[in-house]
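User: Please take a close look at one part of this model for me, the strand hairpin, and then work outward from there. Keep it informal, but give me the cut-offs behind the terms.

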There are 4 protein chains.
Amino acid sequence: MTQQATLNPVRPQAERLRKLRHEVWQANLDLQRHNLVTFTWGNVSAIDRESGLVVIKPSGVAYEDLSADNMVVVNLAGDIVEGELNPSSDTATHLVLYRTYAHIGGVVHTHSPHATAWAQAGKAIPALGTTHADYFYGSIPCTRALSNAEIASDYELNTGLVMVETLADQDPMATPGMIVKEHGPFSWGKDAHQAVHNAVVMEVVASMALQTLQINPAVEYINQALLDKHYLRKHGANAYYGQADSHKK
Amino acid sequence: MTQQATLNPVRPQAERLRKLRHEVWQANLDLQRHNLVTFTWGNVSAIDRESGLVVIKPSGVAYEDLSADNMVVVNLAGDIVEGELNPSSDTATHLVLYRTYAHIGGVVHTHSPHATAWAQAGKAIPALGTTHADYFYGSIPCTRALSNAEIASDYELNTGLVMVETLADQDPMATPGMIVKEHGPFSWGKDAHQAVHNAVVMEVVASMALQTLQINPAVEYINQALLDKHYLRKHGANAYYGQADSHKK
Amino acid sequence: MTQQATLNPVRPQAERLRKLRHEVWQANLDLQRHNLVTFTWGNVSAIDRESGLVVIKPSGVAYEDLSADNMVVVNLAGDIVEGELNPSSDTATHLVLYRTYAHIGGVVHTHSPHATAWAQAGKAIPALGTTHADYFYGSIPCTRALSNAEIASDYELNTGLVMVETLADQDPMATPGMIVKEHGPFSWGKDAHQAVHNAVVMEVVASMALQTLQINPAVEYINQALLDKHYLRKHGANAYYGQADSHKK
Amino acid sequence: MTQQATLNPVRPQAERLRKLRHEVWQANLDLQRHNLVTFTWGNVSAIDRESGLVVIKPSGVAYEDLSADNMVVVNLAGDIVEGELNPSSDTATHLVLYRTYAHIGGVVHTHSPHATAWAQAGKAIPALGTTHADYFYGSIPCTRALSNAEIASDYELNTGLVMVETLADQDPMATPGMIVKEHGPFSWGKDAHQAVHNAVVMEVVASMALQTLQINPAVEYINQALLDKHYLRKHGANAYYGQADSHKK
């Protein structure tokens, strides 16, 4: 028995995908439960790294009509492998993130209103307090605007590429989300559940950041030592928040 | 059998109206479900183009007392054809829109708070992001104020006429809503359901637009290429959002 | 049989009070249903004009512990006539309004957040649109601050008196609410139900007015002709909103 | 039988702790019921003064997984006395408050958004109206920022110490809450229930205060006489709000 098998017992791909379909379906419903979406304005995907297959919400289908069965399975090139519906129109954006960052297991896109307001304003969401620092190790970046050429051709692909360009050499797991200028937030995590979690965090800190600036327009970024303290209290080898044997964060 | 009959089998008018009463009743309830109304501050209508009859909410009746049966049916001249209650006091405004624009199948009026704030401010809701561009092909216009003479006589009729004046040569289906100065939002669509959908969109983008300006007072209108991209991704011959065989948008 | 008996058949006082207790209890619960109160921060009363007895919420009792039976009955001098609990600490304020204005049948006080913000700011809520004009025939006044002497002695009485001073010769039924500086909103109407209705309106228009000013700080008061039109569409001899035989507004 | 036994009959410690576990569990759930928490971002504790034992929420456990049984019991030195889970990572902060102030029976920490915005802005929440004055006898203070040394070592302890430093010689029961700069609100009271109550008050008055400043940037602090009147109407020997025999406030 190999070491990998010990960590992650080999299961048939069909069984893994069945489980992943269920997780992605539930994570899509969680967007509603957390009040992040109006109508169908949000989508969640997750990847099975062994097969390189991605499960994603179908395009434009109401949340109440979603099921584990009508999730769409695509490969990393974007070809539909399973499913009779069109995948989310944002699929190509999700795939860029999976192809570029090996540790990303789930991706979320929404138009949650406060984070979207920052995207429309074209401003990074500044790290102003420990709520932010518990999840994002620095400001939540905002991409540059896409060029007309990038919009005209392969728009969704380019939306992913401009996020990669913006992250540059930052660790995507320490900056698990970003806002795309004039568009809205994307977030990610080790799985679909954590990606949704980070989408919620972005919406909350976006709302708080605007209020903070309204109370004190001269506010400064959080003290770096406090940012370090809170981020590292929850992440990495010396984390001490939560229970050792439970889902961290 | 004529071609039209194939596309839209001739059904007795009574049957069509029964169906339309049900749709309009449900669409009125949807205003509540989407948190667009306080008390009775909203109304939905829809038209049966074959007969030219319009089904509309009765005036000042609580949403919980509405039923398909107490919806009021009026003709395009505003005469009550069926129903024992007074139609919405805004009926004359709805009728102007139906008489002027042949493609409008449903009309909504609310006092949803964010869109109404823009109306009170007398400012068009600027197109600042893709959420807006997915539904409105440009800013959401605000009418001029009515003159005292327009208020004194045929006020509700004139409210409709000033919207027609404001739309001018724009396609009403690409600008499926507007705010009336010092009053509030009206929206429309191919049917009552879509008109309610657009009322929700107006409220959401109105809220986002204010926040966007608070974050960045110098924000510019969305790049025209991005506006085109998003609007046309969902509308027209080359739309690719959603499922080919399902309700687009 | 006298004319009065025809309009309002003589019923035993006990029966009238039983009905009024039920109405006031339900109206207090409506404050919660309309999200106007946190904890016990609100109270509703109503008067039986024939006997001059006022039914009011007991002080500091949680809404879930209220019942028709534990409502307190006081006379216009403030003496407890029925009930074992203390009446609302704001009782003296309610009584001033009943003693001064013969047409007021119900009074409400809340700390609803948007209206309270205007009270804290010490500014009248300006009439900026038709939502406001449908209920208030002009701005919603804000009282002057109480003097230290007025606070030190008979504070609740003086809170009522400063509202009467502020209304001056305005018709209280056309200005069915007011904000007390540094405190919060009071509203009234022909009965408890309508007083609650007006409390909701004040909260909604307070929220809209702030947003309106944020969008356009130079906004002007609503055109007087439009204010007249909307107020008179719903009130007075020529009102045509709603159903002739139903509860107007 | 001693006088103390009459007032507080001696009960076995186990029984008292069982009751306290239940209270703390319910108070933690109340944070959710009052919309003060996202995910696990809040915690409540309470102390049994006879034994000096503190019951507190376990760290990072979802509210729906909490029970009276999985609450953690620690002594005032922070040693776990009962329970298999780690106590809240903020335990050391709670303990400073219990050790310093003999009248505090319950402590709450949340990241409720409006109060947190004031913390991020680094500004005390000013006393602007009677809603505030009913609970806080003056502004709600904001601590100074922690130094890098205070963050680096014994961070949670130092978070408590900076609150004690900020309160200085003020009565903690008249200032039953505070915001920690760049972090968020802490509140307290005679028991867990009252500490939660004060957390709700802080969130409400934080929201109102921002709106008040937006309406009137030149607003002044509440008149001292009115502050006195409202605070003392609810607190102290001459309080007359509520029912003599019921839970005050």
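Analyst: Let's start with the hairpin in chain C: β6(C) and β7(C) form it with three residues between them, and E182(C) in the turn has a positive phi of about 65°. Helices and strands here are DSSP runs numbered from the N terminus (H or I over at least four residues for a helix, E over at least two for a strand). Before going on, some ground rules: this is a predicted model, where local features need pLDDT of at least 70, side-chain atom pairs count only at pLDDT 80 or more, and totals for chains, interfaces and linings use all residues. Residues are numbered from 1 along each chain as its sequence is written, chains are lettered from A and ligands numbered from 1 in the order in which they are written, and side-chain values use heavy atoms, with hydrogens and water left out.

Back to the hairpin. Its two strands, β6(C) and β7(C) (residues 184-189), pair in the antiparallel sense over four bridges; pairing requires that DSSP finds at least two bridges between the strands. One of the bridge partners to look for is P185(C) in β7(C), which sits across from I179(C). Strand β6 of chain C (residues 177-180) is covered on both faces, with G177(C) and I179(C) buried on one side and M178(C) and V180(C) buried on the other. Buried means under 20% relative accessible area, exposed means over 50%, and partly exposed lies in between (1.4 Å probe, protein chains only).

The wider sheet can be followed in chain D. There, an open sheet of seven strands runs in the order β4-β3-β2-β1-β5-β7-β6, with antiparallel pairing. β4 (80-82) and β6 (177-180) of chain D stand at the edges with a single partner strand each, so one side of each has no neighbour in the sheet. From one strand to the next, the twist averages 25°. Further along in chain D, strand β2 (residues 53-56) and strand β3 (residues 72-75) pair in the antiparallel sense over four bridges, and V72(D) in β3(D) is the bridge partner of I56(D). Helix α7 (residues 155-167) of chain D packs on the sheet, touching β6 and β7 (184-189) of chain D, and its direction makes about 120° with that of β6(D). Axes are lines fitted to C-alpha atoms, for helices over the stretch in contact, and angles run from 0 to 180 degrees between N-to-C directions; contact itself means heavy atoms within 4.5 Å.

E182(C) has company as far as positive phi goes. D154(C), in the loop between α6 (148-152) and α7 (155-167) of chain C, has phi near 55°, a positive value in a residue other than glycine. In chain B, phi of D154(B) is also positive, near 55°, and D154(B) is in the loop between α6 (148-152) and α7 (155-167) of that chain.

Next, a helix pair in chain C. Helix α4 (residues 113-121) and helix α8 (residues 192-215) of chain C pack at an angle of about 65°, with their axes 7 Å apart. α4(C) passes α8(C) in a left-handed crossing, meaning that the near helix is turned anticlockwise from the far one by less than a right angle, while clockwise would be right-handed. From α4(C), the contact takes in P113(C), H114(C), A115(C) and W118(C), while α8(C) contributes residues including M202(C), E203(C) and L213(C). The contact residues divide into eight nonpolar, two polar and one charged, where Ala, Val, Leu, Ile, Met, Phe, Trp, Tyr, Cys and Pro count as nonpolar, Asp, Glu, Lys and Arg as charged, and the others, Gly among them, as polar.

One residue in helix α2 (residues 13-33) of chain B is worth a stop: N28(B). N28(B) counts as buried, at 0% relative accessibility. Leaving aside neighbours within four places in sequence, N28(B) is in contact with residues including G42(B), K57(B), Y63(B) and M71(B).

Finally, the assembly. Chain A can be laid on chain B with an RMSD of 0.0 Å by a turn of 90° and a shift of 0.0 Å along the axis, so these two copies are related as by a four-fold rotation axis. The superposition is by least squares on the C-alpha atoms of residues with pLDDT of at least 70 in both copies. Of the residues of chain A, Q214(A) comes closest to the rotation axis, at 5.9 Å (C-alpha). Only 3% of the interface residues of chain A are also interface residues in chain B, so the copies meet through different surfaces. Chain A and chain C do not touch, with their nearest C-alpha atoms 12 Å apart, and chain B and chain D do not touch either, with their nearest C-alpha atoms 12 Å apart.
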